[in-house]
Amino acid sequence: PLFAVTFLFFRGILWWRITYLKYKDCRAILQSGQAEKLRPGKTWVLYVLMGFNIPMGLLQVYWCSLILAEVKKLLEGER
């Protein structure tokens with residue numbers, strides 16, 4: 001039960017808050033030109049990180065749905 005609760009909290013809820021903050025920071029850094037100033041030619045890394053976050057977020061949703069299905073089975077007494 002502890003795993004399910006902590007996973008759902010950190011990956012199901014906090015993941016999206018952190019994702020929002022990361023996108024906000026990346027956008028600000030890219031728009032201000034700081035990324036290119038500090039790491040010339042390496043701004044693509046921020047775009048890759050932002051892009052990979054989308055499929056990772058979808059995985060979080062999928063894994064949360066699996067955990068919730070198992071919790072539901074447990075609460076209904078199937079196991």
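F10 counts as partly exposed in this predicted model, its relative accessibility being 48%. Its ring is paired with that of F9, the two centres lying 5.0 Å apart and the planes meeting at 80°, so the pair is edge-to-face. F10 is also among the residues that W15 touches once those up to four places away in sequence are left out. The points below take up the aromatic pairs, the tryptophan and the largest pocket in turn.

**Aromatic pairs**

- A search of the whole structure finds 2 aromatic pairs; in one of them the rings of F3 and F7 have centres 5.6 Å apart and planes at 40°, and because this angle falls neither under 30 degrees nor over 60, the pair is classed as tilted.
- F3 and F7 both belong to helix α1, which spans residues 2-32, and because they are 4 residues apart there, about one helical turn separates them.
- The two partners of the tilted pair differ in their surroundings: F3 has a relative accessibility of 57% and therefore counts as exposed, whereas F7, at 11%, counts as buried.
- In the edge-to-face pair, F9 is partly exposed with a relative accessible area of 40%, and F10 is likewise partly exposed, at 48%.

**The tryptophan W15**

- W15 lies in helix α1 and has a relative accessibility of 19%, which is under the 20% limit, so W15 counts as buried.
- Setting aside residues up to four places away in sequence, the contacts of W15 are F10, N53, M56, G57 and Q60.
- Along the chain W15 and L2 are 13 residues apart, and their C-alpha atoms are separated by 18 Å.

**The largest pocket**

- The largest pocket holds about 170 Å³ of space, and its lining is made up of P1, F3, A4, V5, L8, I67, E70, V71, L74 and L75.
- Two or more lining residues come from each of the elements α1 and α3, the latter covering residues 44-76, and α3 gives the most, with 5 residues.
- By residue class the lining divides into 9 nonpolar residues, no polar ones and 1 charged residue; the charged one is E70, since Glu is counted as charged.
- F3 links two of these topics, for F3 is one of the residues lining the largest pocket and its ring also forms the tilted pair with the ring of F7.

Technical notes. Residues are numbered from 1 along each chain as its sequence is written. This is a predicted model: local features need pLDDT of at least 70, side-chain atom pairs count only at pLDDT 80 or more; totals for chains, interfaces and linings use all residues. Side-chain values use heavy atoms; hydrogens and water are left out. Rings of Phe, Tyr and Trp (its six-membered ring) pair if their centres lie within 6.5 Å; planes under 30 degrees apart count as stacked, over 60 as edge-to-face and the rest as tilted. Buried means under 20% relative accessible area, exposed over 50%, partly exposed in between (1.4 Å probe, protein chains only). Contact means heavy atoms within 4.5 Å. On a 1 Å grid over the protein atoms alone, a cavity is a set of points where a 1.4 Å probe fits but cannot get out, and a pocket is an open set with protein on both sides within 12 Å along at least five of seven lines; lining residues have an atom within 4 Å of a point. Grid points are joined across faces, edges and corners, and a volume is the space filled by probe spheres set on the points.
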